[in-house]
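Work through the exercises below with the structure open beside you. Try each task before reading its solution.

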Amino acid sequence: MAETKTAWEVAAARVSGEGATQDTPATRQLDASGAAYRRHAVAHEDVRQGESLCGAFARQLDAPPAQVLKTMVFGCVPGDHLNIVVMHGDRKIDTKALTEVLVAYSNEHKRQQPQPELPAEQAARAPTKAGQLPQKKKNQAQPKQPQAKLAPQELASQYTGYVFGGTSPFGVVREADMHVFVERTILDADTVWVNGGSPTLVLQMATQDFVKALGDRTTLVSVAQ
């Protein structure tokens with residue numbers, strides 16, 4: 001019987017090499033596009049008390065913490081669609097603002113999709129008067145309000161193909177399904193450091209090159225606290 005691998009094990013197998021010489025899906029995508037970047041090896045275990053992982057990387061790289069970016073996977077609950085959010089390493093996300101962004105994007109995405117025709121039986125039961133809505137039943141449970149939440153690590157790995165601490169917005173497994181939302185104030189700096197697809201690799205890029213490499217699957221948003 002074949003052994004079933006976890007999403008983390010599959011993700012780890014996509015990376016070869018060590019330190020700054022690592023070859024990852026992120027570096028392969030950037031190389032294919034001709035994007036300029038500089039590699040830096042980091043130690044993900046070198047995190048001091050009170051530091052975040054991005055804070056530790058910023059210290060190791062002697063880089064401004066705000067310019068060492070964190071890449072997170074968020075979804076709306078209820079809902080099943082996951083997207084990538086890129087934020088300053090030293091800032092938190094305003095989940096209320098992000099929820100509004102994700103809901104608006106989801107609604108727009110749905111409007112752009114062709115709507116399936118109702119089966120004959122359902123069509124026969126559909127309202128016939130313009131603007132007529134079905135009557136709510138008493139004590140009917142109200143739908144839960146959407147809320148932006150971080151995706152569980154295992155699920156995030158299934159979507160991105162990366163392990164926790166090594167998520168990059170580049171080279172994502174389900175790239176066609178995942179939109180990238182970038183905090184717009186990131187563009188205020190000339191240079192950024194972004195994860196290279198491994199917990200021990202960070203890529204330094206000119207900010208404009210970073211945004212250009214993400215392409216048209218990117219939206220600038222204001223969701224920083």
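**Exercise 1: The largest pocket**

β2 gives the largest share of the lining of the largest pocket, 4 residues. Keep in mind that this is a predicted model.

Task: Find the residues closest to the centre of the largest pocket, and name elements that line it.

Solution.
- Step 1. The volume of the largest pocket is about 560 Å³.
- Step 2. The lining has 27 residues, and K70, T71, M72, F164 and G165 are the closest to the centre.
- Step 3. Now turn to the elements. At least two lining residues each come from α3 (53-61), β2 (70-77), α6 and β6.

**Exercise 2: The nonpolar cores**

Task: State how many residues the largest nonpolar core has, and which of them have the most contacts inside it.

Solution.
- Step 1. The largest nonpolar core counts 26 residues.
- Step 2. L30, V86, F170, M178, V182, M205 and F210 have the most contacts inside this core.
- Step 3. Both helices and strands contribute. At least two core residues each come from α2 (25-33), β3 (82-87), α6 (153-160), β5 (180-183), β6 (191-198), β7 (201-206) and α7 (207-214).
- Step 4. Take F170 and set aside its neighbours within four places in sequence. F170 then contacts A26, Q29, L30, Y162, V194, M205, F210, A213, L214 and R217.
- Step 5. A second core is separate and has 13 residues, among them F74, A97, F181 and V223.

**Exercise 3: The open sheet**

Task: Give the strand order of the open sheet of 3 strands, and explain why one side of β1 and of β6 has no neighbour there.

Solution.
- Step 1. The order is β1-β7-β6, and the pairing is antiparallel.
- Step 2. β1 (38-41) and β6 are the edge strands. Each has a single partner strand, so one of its sides is left without a neighbour in the sheet.
- Step 3. On average, neighbouring strands of this sheet are turned by 30° against each other, ignoring direction.
- Step 4. Between β6 and β7 there are 6 bridges, in the antiparallel sense. V194 is placed opposite L203 in β7.
- Step 5. Add the helix. α2 packs on the sheet and touches β1, β6 and β7. The directions of α2 and β7 make an angle of about 25°.

**Exercise 4: One tyrosine**

Task: Decide whether Y159 is buried or exposed.

Solution.
- Step 1. Locate Y159 in helix α6.
- Step 2. The cut-off for buried is under 20% relative accessible area. Y159 has 9% relative accessibility, so it counts as buried.
- Step 3. Compare Y159 with E175. They are 16 residues apart in sequence, and their C-alpha atoms are 8.2 Å apart in space.

Definitions and conventions:
Residues are numbered from 1 along each chain as its sequence is written. This is a predicted model: local features need pLDDT of at least 70, side-chain atom pairs count only at pLDDT 80 or more; totals for chains, interfaces and linings use all residues. Side-chain values use heavy atoms; hydrogens and water are left out. A nonpolar core is a set of buried Ala, Val, Leu, Ile, Met, Phe, Trp, Tyr and Cys residues joined through side-chain atoms within 4.5 Å. Buried means under 20% relative accessible area, exposed over 50%, partly exposed in between (1.4 Å probe, protein chains only). Contact means heavy atoms within 4.5 Å. Two strands pair if DSSP finds at least two bridges between them. Axes are lines fitted to C-alpha atoms, for helices over the stretch in contact, and angles run from 0 to 180 degrees between N-to-C directions. On a 1 Å grid over the protein atoms alone, a cavity is a set of points where a 1.4 Å probe fits but cannot get out, and a pocket is an open set with protein on both sides within 12 Å along at least five of seven lines; lining residues have an atom within 4 Å of a point. Grid points are joined across faces, edges and corners, and a volume is the space filled by probe spheres set on the points.
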